[in-house]
Structures are given as C-alpha cells and as structure tokens.
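I'm opening my notebook and going through this structure one piece at a time. Here is what I looked up, in the order I looked.

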Amino acid sequence: MLLKSLEFKNAYGQKVKIIEIPVLEEDNTYRFIVQSRLETLIAKVYWSREARCVYSFRDHLKRVLKWPVYEQIFKTDILKNNA
C-alpha cells in the first residue's frame, strides 16, 4: 500500500502534518469515503488551536470507520511461505 503525507499551516500559523494517507486507485469503492474523511480532518485541524503538529490519518480512520471498512482500505496481502 502506498501512503502519502500532507503538510500545511493552519489558520493560526502553526505548521501541521497529516501522515499515513492511503493512495487508492480511481475505481476503488472506498475512494470517496477516504477523500471525504480526509477533507473533514483537514478542516478540523485547520481551525484547531491544539498544539499537536502531527496527525495520523490512519488512526483517525480507525476511530471513525467501522472495522470491516477500515480493514478493506488498509488490507495487506499475506505473503506465502514468508517470502
């Protein structure tokens, strides 16, 4: 799975970084969910006065999504014979 991060300054001039954002294919059924949740997190972080400078999008999704949906987004392929 390919992950990316996003770095910006919030409304109060603090540097903020959101890490562990999954990159999904165009035809993935969960792309809209991830995109809308990311937009809401960015808006929340942008107006927050909280002193944290790094946010994990994966942890945020773990809290707001149902577990089967979270597993489908962050599924990892199990390697055969420990290869």
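**Entry 1: tyrosine 70**

I started with tyrosine 70, keeping in mind that this is a predicted model. Is tyrosine 70 buried or exposed? Its relative accessible area is 7%, and the cut-off for buried is under 20%, so tyrosine 70 counts as buried. I found tyrosine 70 in helix α3.

Next I wanted to know what tyrosine 70 touches. I skipped its neighbours within four places in sequence, and that left contacts with Arg58, Leu61 and Lys62. I also checked the way over to lysine 15: the two residues are 55 apart along the chain, and their C-alpha atoms are separated by 28 Å.

**Entry 2: the rings**

How many aromatic pairs are there? I got three. In one of them, tyrosine 70 is paired with phenylalanine 74; the ring centres are 5.1 Å apart and the planes make 45°, which makes the pair tilted. I looked up phenylalanine 74 too, and with 10% relative accessibility it goes down as buried. Trp67, Tyr70 and Phe74 are linked by ring pairs into a cluster.

**Entry 3: helix α1**

Then I moved on to α1, which takes in residues 31–46. I tried a quick length check: with 1.5 Å a residue, its 16 residues should span 22 Å, and the C-alpha atoms at its ends are indeed 22 Å apart, so the two agree.

Which residues of α1 are buried? My list reads Val34, Leu38, Leu41 and Val45. They take up an arc of only 65° around the axis, so they sit on the same side of α1. Phe32 and Lys44 are on the other side, and they are exposed.

I also asked what covers those buried residues. The cover includes the strands β1 (3–9), β2 (15–22) and β3 (54–56), along with the helices α2 (57–64) and α3 (67–73).

**Entry 4: the sheet**

In what order do the strands sit? I wrote down β1-β2-β3, three strands in an open sheet with mixed pairing. β1 and β3 are the edge strands with a single partner each, so each has one side without a neighbour in the sheet. From one strand to the next, the twist averages 20°.

A reminder to myself from class: strands of a sheet pair through backbone hydrogen bonds, and they can be parallel or antiparallel. Here β2 and β3 run parallel, joined by three bridges. For a concrete example I picked isoleucine 19, whose bridge partner in β3 is serine 56.

I then checked how the helices lie on this sheet. α1 lies across β1, β2 and β3 and runs at about 165° to β2. α2 packs on the sheet as well, touching β1, β2 and β3, and its direction makes about 65° with that of β2.

**Entry 5: an odd backbone angle**

Last stop was glutamate 20, which is in strand β2. What is its phi? It's positive, about 60°, even though glutamate 20 is not a glycine. I noted this one because most residues other than glycine have a negative phi. As for the side chain's surroundings, glutamate 20 has a relative accessible area of 27%, so I put it down as partly exposed.

Key: Residues are numbered from 1 along each chain as its sequence is written. This is a predicted model: local features need pLDDT of at least 70, side-chain atom pairs count only at pLDDT 80 or more; totals for chains, interfaces and linings use all residues. Side-chain values use heavy atoms; hydrogens and water are left out. Helices (H or I, at least four residues) and strands (E, at least two) are DSSP runs, numbered from the N terminus. The expected span of a helix is 1.5 Å times one less than its number of residues. Buried means under 20% relative accessible area, exposed over 50%, partly exposed in between (1.4 Å probe, protein chains only). The arc is that of the directions from the helix axis to the C-beta atoms. Contact means heavy atoms within 4.5 Å. Two strands pair if DSSP finds at least two bridges between them. Axes are lines fitted to C-alpha atoms, for helices over the stretch in contact, and angles run from 0 to 180 degrees between N-to-C directions. Rings of Phe, Tyr and Trp (its six-membered ring) pair if their centres lie within 6.5 Å; planes under 30 degrees apart count as stacked, over 60 as edge-to-face and the rest as tilted.
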